[in-house]
Amino acid sequence: MADDAPADGPDATPADDDRAEGLGGSGVPVVALDASALMAPVEAGLRLFEELDRLLGGYETVVPAAVLAELDGLQAGNGAEATAASVGADLAERAEAVETDESYADDALVALAAAGRVDAVVTNDGPLAKRVLAADAPVIGLRGRNTLAITEP
């Protein structure tokens, strides 16, 4: 998949934009990425964007600003988690940054799903997945060693 992010970095989009046909009106599915998904290439050996390509074909990715802040905080530490967060922050540059009224990453992802601003949330966080499914949105998560699958609500 080609890197669609602008050369100077992703632009933030206000939370109240009309998204009837996906972000940017493209008509392709819009998926929101959680920190756990962005960190999975290091933590689980997942080829995130290749798996999304296989699963969805065309799609757009978004990352809430709260997820970017979470990754920033995690990469400030030491060890494997900091390395995974650093890789995740780099991968997040392929997605469009979006603003929400929520400052906590999980709440921001659930709000995007509940408002219909995204078609699915990509996460490996079990409690978050349950909240997204309860908001009547699909979850894309790790199945097996390094394969993604969709769970419908």
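Helices here are DSSP runs of H or I of at least four residues, strands are E runs of at least two, and both are numbered from the N terminus. The model on your screen is predicted.

**Whole chain**

Start with the cartoon view. The protein chain holds six helices and six strands. Trace the chain from the N terminus, and the elements come in the order β-α-α-β-α-α-β-α-β-α-β-β. The protein chain has 153 residues, and 41% of them count as buried. Now consider contacts with a separation of 6 or more: 66% of these join residues 24 or more positions apart.

**The sheet**

Select the strands. Six of them form an open sheet, ordered S3-S2-S1-S4-S5-S6, with mixed pairing. The edges are S3 and S6 (147-151), each of which pairs on one side only. On average, neighbouring strands in this sheet are turned by 35 degrees against each other, direction ignored.

Next, select residues 60-64, which are strand S2. Is S2 enclosed or open to its surroundings? Four of its five residues are buried, so S2 is largely enclosed by the rest of the structure. Look at its partners. S1 and S2 run parallel and are joined by three bridges. Pick Val31, and you will find its bridge partner in S2 at Thr61. Then go to S3, residues 96-98, which pairs with S2 in the parallel sense, again over three bridges. Here Val63 stands opposite Ala97 of S3.

**Helix H1 and its cover**

Select residues 35-43, which make up H1. Colour its buried residues: Ala35, Ser36, Ala37, Leu38, Met39 and Ala40. What covers them? The cover includes strands S1 (30-33), S2 and S4 (120-122), along with helices H2 (48-56), H3 (65-75) and H4. Step just past the end of H1 to Gly45, where phi is positive at about 70 degrees.

**H1 against H4**

Add residues 80-92, helix H4, to the selection. The two helices pack at an angle of about 120 degrees, and their axes lie 7 Å apart. That angle makes H1 oblique to H4. The crossing of H1 past H4 is right-handed.

Show side chains at this contact. On the H1 side are Leu38, Met39, Pro41, Val42 and Glu43. Facing them in H4 are Glu81, Ala84, Ala85, Val87, Gly88, Leu91 and Ala92. By class, the contact of H1 with H4 has nine nonpolar residues, one polar and two charged.

**H1 against H3**

Swap H4 for H3. H1 and H3 pack at about 45 degrees, with axes 9 Å apart. Is H1 oblique or parallel to H3? At that angle, H1 is oblique to H3. H1 contributes Ala35, Leu38 and Met39, while H3 contributes Val67, Glu70, Leu71 and Leu74. Six residues of this contact are nonpolar, none is polar and one is charged. Leu38 and Met39 are worth labelling: they appear in the contact with H4 and also in the contact with H3.

**Ile140 in S5**

Move to Ile140, found in strand S5. Ile140 counts as buried because its relative accessibility is 1%, under the 20% cut-off. Draw a distance from Ile140 to Val31. The two residues are 109 positions apart along the chain, yet their C-alpha atoms are separated by 8.8 Å. Val31 is also one of the residues that Ile140 touches. Setting aside residues up to four places away in sequence, the other contacts are Leu52, Leu55, Leu56, Ala120, Val121, Val122, Thr123, Leu148, Ala149 and Ile150.

**Last stop: Asp136**

Stay in this stretch of chain and select Asp136, in the loop between H6 (126-134) and S5 (139-143). Is Asp136 buried or exposed? With a relative accessible area of 61%, Asp136 is exposed, since exposed means over 50%. Now check the backbone. Most residues other than glycine have a negative phi. Asp136 has a positive one, near 70 degrees.

Methods:
Residues numbered from 1 in each chain as written. Predicted model: local features only at pLDDT ≥ 70, side-chain atom pairs only at ≥ 80, totals over all residues. Heavy atoms only, no water. Axes fitted to C-alpha atoms, helices over the stretch in contact; angles between N-to-C directions. Parallel < 35°, antiparallel > 145°, perpendicular 65-115°, else oblique. Left-handed = near helix turned anticlockwise from the far one by under 90°. Contact = heavy atoms within 4.5 Å. Nonpolar A, V, L, I, M, F, W, Y, C, P; charged D, E, K, R; others polar. Buried < 20%, exposed > 50% of the residue type's maximum accessible area, 1.4 Å probe, protein only. Pairing = 2+ DSSP bridges.
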